[in-house]
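The exercises below ask for a careful reading of one protein model, each with a solution that goes step by step. Please keep the sequence and the structure open while working through them.

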Amino acid sequence: MGYMSLDPEIAARLKRNPDGLVAAIAQQYDTGEVLMLAWMNDEALHRTLTTGRATYWSRSRQELWVKGDTSGHVQHVKSVALDCDGDTLLIRVDQVGAACHTGERTCFDADVLA
C-alpha cells in the first residue's frame with residue numbers, strides 16, 4: 001500500500017517530536033480504561049482515521065503496524081482527539097483481547113509505583 005497523506009488541516013495542528021512522531025494513548029471507549037501508549041506518524045494517523053483500525057509507528061522496527069494484524073488483538077477506533085498542545089492523541093477504541101504485547105489487558109497493570 002502506498003503512502004496516504006493526512007488532511008493538511010490536521011497535519012498543521014500536530015506538534016511532532018524530532019522523529020516526526022506524536023504520542024497516542026489508546027483508551028477503552030466505554031470504560032475509560034487506559035490501555036497503552038504508542039506512537040503515530042502522519043501516515044499512521046491517516047490510516048487510523050480512514051480505516052477505523054488503530055495503526056501505529058513501531059520505533060523499534062521502523063515500520064507501520066496495525067494493532068491486531070499479527071496477534072488478533074484488534075483495536076476498533078471509536079474516536080480520535082488531539083490534546084490542547086497538539087502533541088498527544090487520544091484514541092478511543094474497542095479493544096479485542098489484550099492491548100499489551102505481554103498479553104495483559106493493559107500495559108499499566110503490572111508495575112504500579114504508588
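## Exercises on a predicted model

Asp85 has a relative accessible area of 42% and is therefore partly exposed, a class that runs between buried, under 20% relative accessible area, and exposed, over 50% (1.4 Å probe, protein chains only). This is a predicted model, in which local features need pLDDT of at least 70 and side-chain atom pairs count only at pLDDT 80 or more, while totals for chains, interfaces and linings use all residues. Residues are numbered from 1 along each chain as its sequence is written, and side-chain values use heavy atoms, with hydrogens and water left out.

**Exercise 1. Place the annotated binding-site residues in the fold.**

Step one is to consult the record: an unreviewed UniProt entry puts the feature "binding site" at Asp83, Asp85 and Asp87, and such annotations, given here in the numbering used for this model and with shortened feature names, may be inferred rather than shown by experiment. Step two is to locate two of these residues: Asp83 lies in the loop between β5 and β6, and Asp85 is found in the loop between β5 and β6 as well. Here helices (H or I, at least four residues) and strands (E, at least two) are DSSP runs, numbered from the N terminus. Step three is to read the exposure of Asp83, which is partly exposed with a relative accessible area of 27%. Finally, the unreviewed entry also carries the annotation "domain: Phosphoribosyl-AMP cyclohydrolase", which covers residues 36-108; the end C-alpha atoms of that span lie 7 Å apart, and the span is 14% helix and 40% strand.

**Exercise 2. Describe the chain as a whole.**

Begin with the elements: the protein chain has two helices and six strands, and from the N terminus on they run α-β-β-α-β-β-β-β. The radius of gyration, taken over C-alpha atoms, is 14 Å, close to the 13 Å that the globule rule (2.2 Å times the number of residues to the power 0.38) gives for 114 residues, so the chain is as compact as a globular protein of that length. Its C-alpha atoms fill a box of roughly 40 × 35 × 30 Å along the principal axes. Of the 114 residues, 38% count as buried.

**Exercise 3. Explain how helix α2 sits in the model, and what surrounds Thr48.**

Start at the beginning of α2, where a side-chain oxygen of Asn41 reaches to within 3.2 Å of the backbone nitrogen of Glu43. Next consider burial: α2 is mostly covered, with seven of its ten residues buried, namely Asp42, Glu43, Ala44, Leu45, His46, Arg47 and Thr48. These buried residues pack against α1 (8-13), β2, β3 (55-58), β4 (63-66), β5 (75-82) and β6. Then turn to Thr48, which lies in α2 (residues 42-51) and is buried, with a relative accessible area of 1%. If residues up to four places away in sequence are not counted, Thr48 touches Met40, Arg53, Ala54, Thr55, Val77, Val80 and Ile91, where contact means heavy atoms within 4.5 Å. The side chain of Thr48 also reaches the backbone nitrogen of Thr55 at 2.9 Å. After the helix comes Gly52, whose phi is positive, near 80°.

**Exercise 4. Which residues have the most contacts inside the largest nonpolar core?**

A nonpolar core is a set of buried Ala, Val, Leu, Ile, Met, Phe, Trp, Tyr and Cys residues joined through side-chain atoms within 4.5 Å. The largest one has 19 residues, and those with the most contacts inside it are Met36, Met40, Tyr56, Leu89 and Ile91. Two or more residues each come from β1 (22-28), β2 (34-40), α2 and β6 (88-95), and β2 gives the largest share, four residues. Such a grouping can be set beside a general tendency: in soluble globular proteins, nonpolar side chains tend to be buried together. As a last step, look at Tyr56, whose contacts, leaving aside neighbours within four places in sequence, include Ala24, Met36, Met40, Ala44 and Leu64.

**Exercise 5. Is Gln62 buried or exposed, and where is Gln62 found?**

Gln62 is found in the loop between β3 and β4, and at 53% relative accessibility Gln62 counts as exposed. The backbone deserves a final check, since phi of Gln62 is near 55°, a positive value in a residue other than glycine.

Conventions: Polar contact = N/O pair within 3.5 Å; in protein donor to acceptor, adjacent residues only side chain to side chain.
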